[in-house]
Each structure stands twice: as structure tokens, then as C-alpha cells.
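Trainee: Please take a close look at the aromatic rings in this one, and at what surrounds them. Please also set the charged side chains beside them.

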Amino acid sequence: MEQGCKRIAYLVVNKSLSIGKTRMQGYIDALAKYQVPFDEHLIVDCSNSYEENSIIIKDALTGLKPDGVFTSVERLAFATYYACYDLKIDIPTDLKVISFSSLEIAPLLNPSLTTITQPATEIGEEAARLLFSILDDNANKNTANEVVLTSKIIKRNSTSTG
């Protein structure tokens, strides 16, 4: 949205899983923060099949005509790149792309992929700590079961036009 996008599609594999719900809520909250109207048609349900996603994403890009795509997982970002290539949609001029990702290949894509990277090591440490506190018979029953860790946006060329 800071790059001027007003029609941002959110691509998700399974919006009923907690991670999908949380990321989708972040998308909805960001729209509200920037006073961009929410359009449920811009939430695109994808699958685990590359072939199905190719069709789904191409249909979404041609039918919905988003100016930005936010993917919940990197494999959907890759599928978006392929779809854009096939449809002759230029990233980032015609469409800006951002994705959750922890892959080191993101800077090697053309254009390099803007990513939201989560602290995987800290997530594992916190998950283990929570598990041990649950398993500990002497644990305080009021221990918080939700921990929020800070993600980091790494801006690259897929969202920049200049």
C-alpha cells in the first residue's frame, strides 16, 4: 500500500489453518489502517497443486486485475511469477508481489522478491519453552499460551518501481 497499491489480492493455501487465519487478519488489518476497502473476492483460495494454482492465479490476475499480490507462502509467490511471465504481466510495474518467506533464493528471483521473514529459530525456541511449561506439573496454570514475535520486511525489487 505504501507503494500505491489499492487492489491487493491475498493468496492463501488454507485459510482455516491458524497461520492462514493470522496472516489473513494481518492483511485485513493493514487494509483498514490504510483505509483501503476490503473486497472478499481478492482473497484467493489456492491449493497444494502446482497445476491447479497456475490456473487459479492466472484467473485471479486476469479477472480481478489486482495491482498487488500478497502470498501467504513462497510457493504461491513462485506460481505468481510464472503466471505473470505467461500473461506478460511485468513485476513490479504492472503488479507488485510480496510474500512470507524464509528462503534464501528470494533475492535471486528476477525481480528479487520482497519478503516478510519470520524468526524461525525464535519460533522454535518459544514453542519448546511453551511445550515444556505445559508438560511441567508444577507450571503456573496462568502461563500465557500465545507469544507474538516480530517479523521483518525485506524490501526488494518486486515491490519497487524506482
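Mentor: One cut-off is needed before the rest: a residue counts as buried under 20% relative accessible area, as exposed over 50%, and as partly exposed in between. Lys58 shows how it is applied, since a relative accessibility of 24% makes this residue partly exposed.

The model is predicted, and confidence comes before geometry. The mean pLDDT of the protein is 88, and 93% of the residues score at least 70. Helix 2 has the highest confidence, at a mean of 97, while helix 4 (residues 120-135) has the lowest, at 82.

Now the rings. A pair of aromatic rings is described by the distance between the centres and the angle between the planes. The count here is 5 aromatic pairs. In one of them, Tyr10 and Tyr27, the ring centres are 5.3 Å apart and the planes meet at 20°, so this pair is stacked. Because Tyr10 belongs to strand 1 and Tyr27 to helix 1, the pair ties together parts of the chain that are 17 residues apart in sequence. Both residues are buried: Tyr10 has a relative accessibility of 0%, and Tyr27 has 4%.

Another pair is formed by Phe70 and Phe100, with 5.6 Å from centre to centre and 40° between the planes, which is a tilted arrangement. Phe70 sits in strand 3 and Phe100 in strand 4, so this pair ties together parts that are 30 residues apart in sequence. Phe70 is buried at a relative accessible area of 10%, and Phe100 is likewise buried at 10%. Ring pairs link Tyr10, Tyr27, Phe70 and Phe100 into a cluster.

What surrounds the cluster? In soluble globular proteins, nonpolar side chains tend to be buried together. The largest nonpolar core here has 35 residues, and those that touch the most other members are Tyr10, Leu11, Tyr27, Ile57, Leu61 and Phe70. Two or more residues of this core come from each of strand 1 (8-12), helix 1 (18-33), strand 2 (43-45), helix 2 (50-64), strand 3 (68-71), helix 3 (74-87) and strand 4 (96-100). The greatest contribution is that of helix 3, which gives 6 residues.

Tyr27 can be followed contact by contact. Beyond residues up to four places away in sequence, Tyr27 touches Ile8, Tyr10, Phe38, Leu42, Ile43 and Phe70. Two cluster members, Tyr10 and Phe70, are therefore on this list, and the first of them is the stacked partner of Tyr27.

A charged residue also reaches the cluster. Arg23 lies in helix 1, and its contacts outside four places in sequence are Tyr10, Phe70, Ser72, Val73, Phe100 and Gln118. Among these are Tyr10, Phe70 and Phe100, which belong to the ring cluster. Arg23 is buried but has no salt bridge; Glu74, the nearest side chain of opposite charge, is 7.0 Å away.

Nonpolar type does not by itself put a residue inside. Ile55, in helix 2, has a relative accessibility of 55% and so counts as exposed. Its C-alpha atom is 19 Å from that of Ile8, a residue 47 places away along the chain. Ile8 itself is in contact with Tyr27.

The charged pairs complete the picture. The structure holds 3 salt bridges. One joins Asp39 to Arg7 at 3.8 Å, N to O. Asp39 lies in the loop between helix 1 and strand 2 and Arg7 in the segment before strand 1, so the bridge ties together parts 32 residues apart in sequence. Asp39 is partly exposed at 22%, as is Arg7 at 32%.

A salt bridge between Asp86 and Lys58 has an N to O distance of 2.9 Å. Since Asp86 is in helix 3 and Lys58 in helix 2, the pair ties together parts 28 residues apart in sequence. Asp86, at 44%, is partly exposed, and Lys58 was placed in that class at the start, at 24%.

Arg129 and Glu126 form a salt bridge as well, at 2.9 Å, N to O. Both lie in helix 4, 3 residues apart, or about one turn of the helix. Arg129 is partly exposed at 41%, and Glu126 at 23%. This bridge should be read with the confidence values in mind: helix 4 is where the mean pLDDT is lowest, at 82.

Key: Residues numbered from 1 in each chain as written. Predicted model: local features only at pLDDT ≥ 70, side-chain atom pairs only at ≥ 80, totals over all residues. Heavy atoms only, no water. Core = buried A, V, L, I, M, F, W, Y, C linked by side-chain atoms within 4.5 Å. Buried < 20%, exposed > 50% of the residue type's maximum accessible area, 1.4 Å probe, protein only. Helix = DSSP H or I, 4+ residues; strand = E, 2+ residues; numbered from the N terminus. Contact = heavy atoms within 4.5 Å. pLDDT = per-residue confidence, 0-100. Lys, Arg positive; Asp, Glu negative; His and termini not counted. Salt bridge = Lys/Arg side-chain N within 4 Å of Asp/Glu carboxyl O. Phe/Tyr/Trp six-rings, centres within 6.5 Å; stacked < 30°, edge-to-face > 60°.
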